[in-house]
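Q: Please take a close look at one helix of this protein and describe how it sits in the rest of the fold. A plain account is enough, with the salt bridges included.

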Amino acid sequence: LLAALPGIIRTNLGVLMGLLCLIALSPMLYLRYEQIIALIIVVSMGQTLLVSWWLMNLVNRRGIEHIKLIMRDPLTKAFNRRHLELEMLGAHDLFLKTGNLSTLILFDIDNFKKVNDKLGHPQGDAALKELVKLINSKIRRTDSLCRLGGDEFAVLITDSIDNIGPIIAEKLREAVCSATIISDYQVTISAGVCDSQGTISAIDWFQKADECLYRAKRGGRNRIEVS
């Protein structure tokens, strides 16, 4: 039981409880066994407890690292679609309970296929990495930049205020337009913006933002559309 405590409780409190139990048990061992044998038992149990704690920490650390890996896009290191889905579910649930707004910005690179066809996929991959670095430098650490696939991305702004989404989306569009992401080639983005206000579910929220993105692309690209 002492050896299992760190694994059962899964916090450092398990180690503290194990040590307290071991201290409480020590007098009983000294009354039951000879001094040397009792000392060996106490030391052995203490070592077992510490090894159990070390293994628990190792497993937890590996588990956290694994979760981080499966929630990241391997190319750009941005979060992936699965992460966005989970974050949107949580944000929308919070909105329904408390009214706290969150904003979703969907965007993609205009005519990105031409970049791959003209400059090659390695240059296209490099452009995606540079774009992620630029966008990450323009948003808060509490916001999530996610790669949905290909050249399509999403920014989830949590705890936003009314009408802040279009302002942020326009700033991102201007930053990309003025940056040198690919030498001798201007990269632009189109974006769709929708906050959680007036949406009935996370899926509905995503679809409305997606409709805005397509309106922006049909409207001439290098622009934003707001739900």
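**Helix α8 and its surroundings**

A: Among contacts in the protein between residues at least 6 apart in sequence, 66% join residues at least 24 apart. The model is a predicted one. Its chain has 227 residues, of which 41% count as buried. Eight helices and six strands are present, and from the N terminus on they follow the order α-α-α-β-α-β-α-α-β-β-α-β-α-β. The exposed area of the protein is about 13,200 Å², with carbon and sulfur atoms supplying 59% of it.

The part chosen here is helix α8, which covers residues 202–218. Its length can be checked with simple arithmetic: 17 residues at 1.5 Å a residue should span 24 Å, and the end C-alpha atoms are 25 Å apart, so the two values agree. The expected figure is 1.5 Å times one less than the number of residues. After the helix comes Gly220, which has a positive phi, near 125 degrees.

The buried residues of α8 are Ala202, Asp204, Trp205, Phe206, Ala209, Cys212, Leu213, Ala216 and Lys217. Buried here means a relative accessible area under 20%. These residues pack against one helix, α4 (81–98), and against the strands β2 (101–109), β3 (144–149), β4 (152–160), β5 (189–195) and β6 (224–226).

Lys217, one of the buried residues of α8, has a charged partner. Its side chain meets that of Asp110 in a salt bridge, at 4.0 Å from N to O. This pair links distant parts of the chain, with Lys217 in helix α8 and Asp110 in the loop between β2 and α5 (112–119), 107 residues apart. Both Lys217 and Asp110 are buried.

Other salt bridges give a contrast in sequence separation. The search of the whole structure finds 12 of them. One lies in α4, a helix that the buried residues of α8 pack against: Glu85 and Arg82 form a salt bridge whose closest N and O atoms are 3.6 Å apart. Because Glu85 and Arg82 are three residues apart in helix α4, about one helical turn separates them. Glu85 counts as partly exposed because its relative accessibility is 36%. Arg82 is also partly exposed, at 44%.

A further pair is found in helix α6 (residues 121–138). There the side chains of Glu130 and Lys133 meet in a salt bridge at 3.8 Å, N to O. Glu130 and Lys133 are three residues apart in the helix, so they too are separated by about one helical turn. Glu130 counts as partly exposed at 36% relative accessibility, whereas Lys133 is exposed, with a relative accessible area of 55%. Returning to α8, salt bridges that share partners join Asp108, Asp110 and Lys217 into one network.

The surface also has a nonpolar patch of about 310 Å², made by Leu16, Leu20 and Ile23. Ile23 belongs to helix α2 (residues 12–32). With 58% relative accessibility, Ile23 counts as exposed, because the cut-off for that class is over 50%.

Terms used. Residues are numbered from 1 along each chain as its sequence is written. This is a predicted model: local features need pLDDT of at least 70, side-chain atom pairs count only at pLDDT 80 or more; totals for chains, interfaces and linings use all residues. Side-chain values use heavy atoms; hydrogens and water are left out. Helices (H or I, at least four residues) and strands (E, at least two) are DSSP runs, numbered from the N terminus. Buried means under 20% relative accessible area, exposed over 50%, partly exposed in between (1.4 Å probe, protein chains only). Contact means heavy atoms within 4.5 Å. Accessible areas come from the Shrake-Rupley method with a 1.4 Å probe; for residues, only the protein chains shown count as cover. Patches are made of residues with over 30% relative accessible area and no salt bridge: like charges are joined within 9 Å, nonpolar side chains (Val, Leu, Ile, Met, Phe, Trp, Tyr) within 5 Å.
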